[in-house]
Structures are given as C-alpha cells and as structure tokens.
Amino acid sequence: MEQLLEILSEIKEDVDFTTCTTLIDDGILDSFDILQIISALNEAYDLSIPASEIMPQNFNSAESLYKMVERLQED
C-alpha cells in the first residue's frame, strides 16, 4: 500500500490519498490522471489493467485501487 500511495502522490501531489474516498465522485482525478495511474500501476506491479476494471468504484480511493491491484495479481 505504501508503494501505491507514493505512486499516487507523484501523480497528484496535493491530494490526501490516505483519507479521500471520493477521488472520482468529487472530480479530484480527471481522465488524464486515471491514464497516468493505470500506466504507473501496470509498470510498478507488472500487470495489465483490463478495460473492464476501469470503473469509478475502483478509482475512488487508494484502498479501492489497492484491492483492484491485489485482485489482478491473484489472477
């Protein structure tokens, strides 16, 4: 989780990813941010995030992102 928070902070420095749970709902992350996150996660965790996983509930918080990464690593 620490690595994920570091990645997110590099993409959006001014966001408190440890507590925010409305990153998409409140428009904190835009589509460009999402693309950067997907690219960074693919590289950092050596996985490929399928289009079916790119939905708001997976990107609303660092915790939901981490759960998605864990789920994809298991597959």
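## Exercises on a four-helix chain

Leaving aside neighbours within four places in sequence, Leu65 touches Leu4, Leu8, Ile37, Leu41, Asn58 and Phe59, where contact means heavy atoms within 4.5 Å. The model is predicted, so local features need pLDDT of at least 70 and side-chain atom pairs pLDDT 80 or more, while totals for chains, interfaces and linings use all residues. Residues are numbered from 1 along each chain as its sequence is written, and side-chain values use heavy atoms, with hydrogens and water left out.

**Exercise 1.** Find the helices of the chain and judge how compact the chain is.

*Solution.*
- Step 1: The chain has 4 helices and 0 strands; helices (H or I, at least four residues) and strands (E, at least two) are DSSP runs, numbered from the N terminus.
- Step 2: The radius of gyration is 11 Å, close to the 11 Å that the globule rule gives for 75 residues, so the chain is as compact as a globular protein of that length. The radius is taken over C-alpha atoms, and the rule is 2.2 Å times the number of residues to the power 0.38.
- Step 3: Along the principal axes, the C-alpha atoms fill a box of roughly 30 × 25 × 20 Å.

**Exercise 2.** Check the length of helix α4 and work out where its buried residues lie.

*Solution.*
- Step 1: Helix α4 covers residues 62–74; at 1.5 Å a residue, its 13 residues should span 18 Å, and its end C-alpha atoms are 18 Å apart, which agrees. The expected span is 1.5 Å times one less than the number of residues.
- Step 2: Ala62, Ser64, Leu65, Met68, Val69 and Leu72 are the buried residues to mark in α4. Buried means under 20% relative accessible area, exposed over 50%, partly exposed in between (1.4 Å probe, protein chains only).
- Step 3: Viewed down the axis of α4, these buried residues fall within an arc of 165°, so they line one face of the helix; the arc is that of the directions from the helix axis to the C-beta atoms.
- Step 4: Their cover includes α1 (2–11), α2 (31–45) and α3 (56–59).

**Exercise 3.** Which residues have the most contacts inside the largest nonpolar core?

*Solution.*
- Step 1: A nonpolar core is a set of buried Ala, Val, Leu, Ile, Met, Phe, Trp, Tyr and Cys residues joined through side-chain atoms within 4.5 Å.
- Step 2: The largest one has 21 residues, and Leu41 and Leu65 have the most contacts inside it.
- Step 3: At least two residues of this core come from each of α1, α2 and α4.

**Exercise 4.** Is Glu53 buried or exposed?

*Solution.*
- Step 1: Glu53 sits in the loop between α2 and α3.
- Step 2: Its relative accessible area is 14%, so Glu53 is buried.
- Step 3: Beyond four places in sequence, Glu53 is in contact with Asn58, Phe59, Met68, Arg71 and Leu72.
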